[in-house]
Amino acid sequence: MAQQLRAIRTRGAILHAAAEVFAQHGYHGASIAQILEKAQVTRGALYFHFASKEQLVQGIFAQQVTEQGYPARTYKLQELVDEAMALACRLPQEIMLRAGAKLAMEPQLQELTDGGPWEAWAQRFASMVDAAKRHGEVYPHVVPGDLGRFLVSSWIGAQVVSEVTSDWTDLEGRISSLFAYTLPSVALPAIFAQLEFGPDRGTRVLAEMRADQEEPRLVAERTR
């Protein structure tokens with residue numbers, strides 16, 4: 001068990017170091033030597049977990065799309081908005097996401113994971129739109145796969161412009177505007193009126209998640 005925990009920690013340290021190097025230098029500018037120096041591990045330890053730079057990229061891409069334990073909502077469209085807004089909030093703060101965003105812009109890496117994280121996000125959003133459609137939240141003409149790809153393409157565009165112009169400080173506002181102009185053509189009026197997608201939505205969702213995670217610990221401390 002102790003060896004397994006050490007292996008998990010070592011793998012995590014290597015991935016985190018690789019993310020930092022890739023985020024700064026890109027795929028071609030990054031070297032294994034830089035990653036080793038950042039991770040403070042031996043070459044043998046790195047190659048035990050990742051046989052190549054390509055496998056490091058795959059490891060980072062695998063970290064991009066996770067449900068993260070987002071709270072369930074009355075409307076499936078709100079769950080989609082919450083994930084997209086929370087992602088906008090998380091991107092500037094989390095090196096793994098920043099590295100994934102940079103690597104995903106390199107066309108030659110797309111084949112490593114069947115289109116990179118963007119395709120995975122498109123499929124995730126499409127599944128959430130499909131659930132919303134089955135719950136009667138969207139217009140009949142909405143095609144989940146098409147909307148999922150559209151939302152991801154728009155999200156990427158907002159992210160790229162935000163990075164270049166403001167170092168992501170206005171990303172949440174841009175994604176909020178994306179939903180403000182998109183949702184009226186997707187959600188039925190009664191549903192749209194109840195959706196929350198303000199610029200602070202992602203921040204509030206993440207704060208709610210942290211509170212939910214903290215509550216069991218506080219309860220355990222009070223019952224000791």
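**Exercise 1. The loop between helix 8 and helix 9**

Determine which backbone angle sets D167 apart, and state whether D167 is buried or exposed.

Solution.
1. D167 is located in the loop that joins helix 8 and helix 9; helices are DSSP runs of H or I with at least four residues, numbered from the N terminus.
2. Its phi is positive, about 55°, although D167 is not a glycine.
3. D167 counts as exposed because its relative accessibility is 55%. The classes are buried under 20% relative accessible area, exposed over 50%, and partly exposed in between, for a 1.4 Å probe and protein chains only.
4. W168 lies in the loop between helix 8 and helix 9 as well, and its phi, near 75°, is a positive value in a residue other than glycine.
5. W168 is buried, because its relative accessible area is 10%.

The model is predicted: local features require pLDDT of at least 70 and side-chain atom pairs count only at pLDDT 80 or more, whereas totals for chains, interfaces and linings use all residues. Residues are numbered from 1 along each chain as its sequence is written, and side-chain values use heavy atoms, with hydrogens and water left out.

**Exercise 2. The packing of helix 8 and helix 9**

Describe how helix 8 and helix 9 pack, giving the angle and the distance between their axes.

Solution.
1. Helix 8 spans residues 144–166 and helix 9 spans residues 171–182.
2. They pack at about 150°, with axes 9 Å apart; the axes are lines fitted to C-alpha atoms over the stretch in contact, and angles run from 0 to 180 degrees between N-to-C directions.
3. Residues of helix 8, including L147, W155 and T165, meet residues of helix 9, among them L171, R174 and F179; contact means heavy atoms within 4.5 Å.

**Exercise 3. The course of helix 1**

Establish where helix 1 is kinked and which helices its buried residues pack against.

Solution.
1. Helix 1 (residues 2–29) has 28 residues, yet its end C-alpha atoms are only 36 Å apart, short of the 40 Å of a straight helix. The expected span is 1.5 Å times one less than the number of residues.
2. A kink of about 85° is centred on A23, the bend being the angle between axes fitted to the seven residues ending at a residue and the seven starting there.
3. Buried residues of helix 1 include I14, F22 and Y27.
4. The buried residues of helix 1 pack against helix 2 (32–39), helix 3 (43–49), helix 4 (53–62) and helix 6 (95–104).

Note on methods:
Helix = DSSP H or I, 4+ residues; strand = E, 2+ residues; numbered from the N terminus.
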